[in-house]
Structure formats: structure tokens, C-alpha cells
Amino acid sequence: MKESKHTYRLIYFDAEGRGEPVRLLFKYFRVPFDDARLTKEEWADRKTEAPFETAPLLEIDGGKKVLGDSLAISRFLAKTLGPEGFIGKTKSDAAKADAFVYASVDMFIPFYMVKMAEDDEKRAGAMAYLDNSVARYLRSVEKHLAAHESPYVLAHGITWADIYVLFVVHTLENMKPEFVDKEEYPHVVKHYARMRGLPQLKEYIEEKWPSKIL
């Protein structure tokens, strides 16, 4: 991994959400960072300072640079801290990794629809949409992992796409363990176990993410 000459402060809530993939990248790269977890009230006071008024934010070198949007932050860290090829060794590989990252980010939509449902009827509709989205996502990841010899999304090794797949599968397990069926998605479960067991991530994940399916 590349040695960092900078300081980093990640600003998000005391929750996983869109901030957790960024935390995972820092942990994977073994780069120290200040994990600032704000209350909703504290965020309200800072919201207008943020690009697009959304969290997370990444402050670099004491705020000399400020980045917004979790996907943009993740891509920046993957490119600047990651080894060569961490976003893909070729343009086509990079596009393939991007596709998995973007599909993973899209899963936040049904997650939040369920969380924000205001009554039983809306929650039932959100859950139906989530069920369909989960099945489509896991089928696609399973099909891809089963079709090639690499245990990761790209043949040459771990990329930021694997970090995002890891987080989505964890979120699904946390919401409803039955989503991640070992019989239906064996390669997804193997990938999940392999990523959880990486030396850079294992301690953080075992403390924060107790598993119900492994």
C-alpha cells in the first residue's frame, strides 16, 4: 500500500450507511484517520458547508481540501492510497469494477426506502421493492463470481469493487440473514467470508459486524 503523507478526517454520523465503505477503505489500506461521528444536530450546523449539503465529508490536511459524496471520496482513496490496479489495471477492468461499485451504491435506495417508510402500507411496498432488488443484485454477483477463477470481482485481485460488495452483503445480512442464502449464493458467501477474514479488516469487522450466516 502507498504510504500516506497526509492527514484525514472523515465526517459522518454514528452509523454505517454511506460512510462505512470509506471507513473500510482506510482500514484496508491501514491508513490512520479521524473517524468523526456527528449527531444530527451537529451536522445541521455544518450542512451548508458541505458540497451538495450531504454527508460524508472528507477533510484532508486539516481542511485544506474537502471532498464530498461517498462515492467520490472512495474513488479518491482507491486511486491515491491503493496499490496499482486497485480501481482496475485496464480501462475495461476499471469499467467492470465501476459497474459493481455503482450497482452496490444503488442498493442504498431500497435500503433507505424501507428505513423511511412512514406506515405499514408504504413499508410493505418498500420491502417488496427491496426483495426484488436484493435478488437481482445477488444473482448478478453470484453469476459473475461463479464464471471466472478469481475469488474476487476482477481476475488480478482485490479492488474497491470487492469492498463495496462486502459492505452490501453485510448490510443485507444485518437486515435479514435469509437474504444471503448459502445454497443459492455460495460464491457470494465465500467472497463475503474471504473479505471479512482479510488481515487488514478482520479485527474491525469482528468487533463491529458479528455474522449470523458464517
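**Entry 1: cover of helix α1**

I looked up what packs over α1 in this predicted model. The cover of its buried residues includes three strands, β1 (8–13), β2 (34–38) and β3 (57–60). It also includes three helices, α3 (70–81), α7 (160–175) and α9 (199–208).

I then asked how many residues of α1 are buried. The helix spans residues 20–29, and nine of its 10 residues are buried, so I noted it as mostly covered. I listed the buried ones: E20, P21, V22, R23, L24, L25, F26, Y28 and F29. The charged side chains of E20 and R23 are on that list.

I also checked the backbone where the helix stops. Just after α1, R30 takes a positive phi of about 55 degrees.

**Entry 2: D98**

I moved on to D98, which sits in helix α4, residues 91–106. Is D98 buried or exposed? Its relative accessibility is 14%, and the cut-off for buried is under 20%, so D98 counts as buried.

Next I asked which residues D98 is in contact with, leaving aside its neighbours within four places in sequence. I found R75 and W160. With R75 there is a polar contact between the two side chains, at 3.0 Å. R75 falls within the residue range of α3 (70–81), and W160 is the residue at which α7 (160–175) begins. Both of these helices are among the elements that cover the buried residues of α1.

**Entry 3: the whole chain**

I counted the secondary structure: nine helices and four strands. In sequence order I read the pattern as β-α-β-α-β-β-α-α-α-α-α-α-α. The radius of gyration is 17 Å, close to the 17 Å that the globule rule gives for 214 residues, so the protein is as compact as a globular protein of that length. Along the principal axes, the C-alpha atoms fill a box of roughly 50 × 45 × 35 Å.

For burial over the whole protein, I noted that 46% of the 214 residues are buried. I also looked at how far apart in sequence the contacting residues are. Taking contacts between residues at least 6 apart, 68% join residues at least 24 apart.

**Entry 4: surface and charge**

The accessible surface comes to about 11500 Å², and carbon and sulfur atoms account for 51% of that area. I closed with the charges: there are 32 positive and 34 negative side chains. The centres of the two sets lie 5 Å apart.

Key:
Residues are numbered from 1 along each chain as its sequence is written. This is a predicted model: local features need pLDDT of at least 70, side-chain atom pairs count only at pLDDT 80 or more; totals for chains, interfaces and linings use all residues. Side-chain values use heavy atoms; hydrogens and water are left out. Helices (H or I, at least four residues) and strands (E, at least two) are DSSP runs, numbered from the N terminus. The radius of gyration is taken over C-alpha atoms; the globule rule is 2.2 Å times the number of residues to the power 0.38. Buried means under 20% relative accessible area, exposed over 50%, partly exposed in between (1.4 Å probe, protein chains only). Contact means heavy atoms within 4.5 Å. Accessible areas come from the Shrake-Rupley method with a 1.4 Å probe; for residues, only the protein chains shown count as cover. The place of a charge is taken as NZ of Lys, CZ of Arg, CG of Asp or CD of Glu. A polar contact is a pair of N or O atoms within 3.5 Å; within protein, one must be able to donate a hydrogen and the other to accept it, and residues adjacent in sequence count only if both atoms are side-chain atoms.
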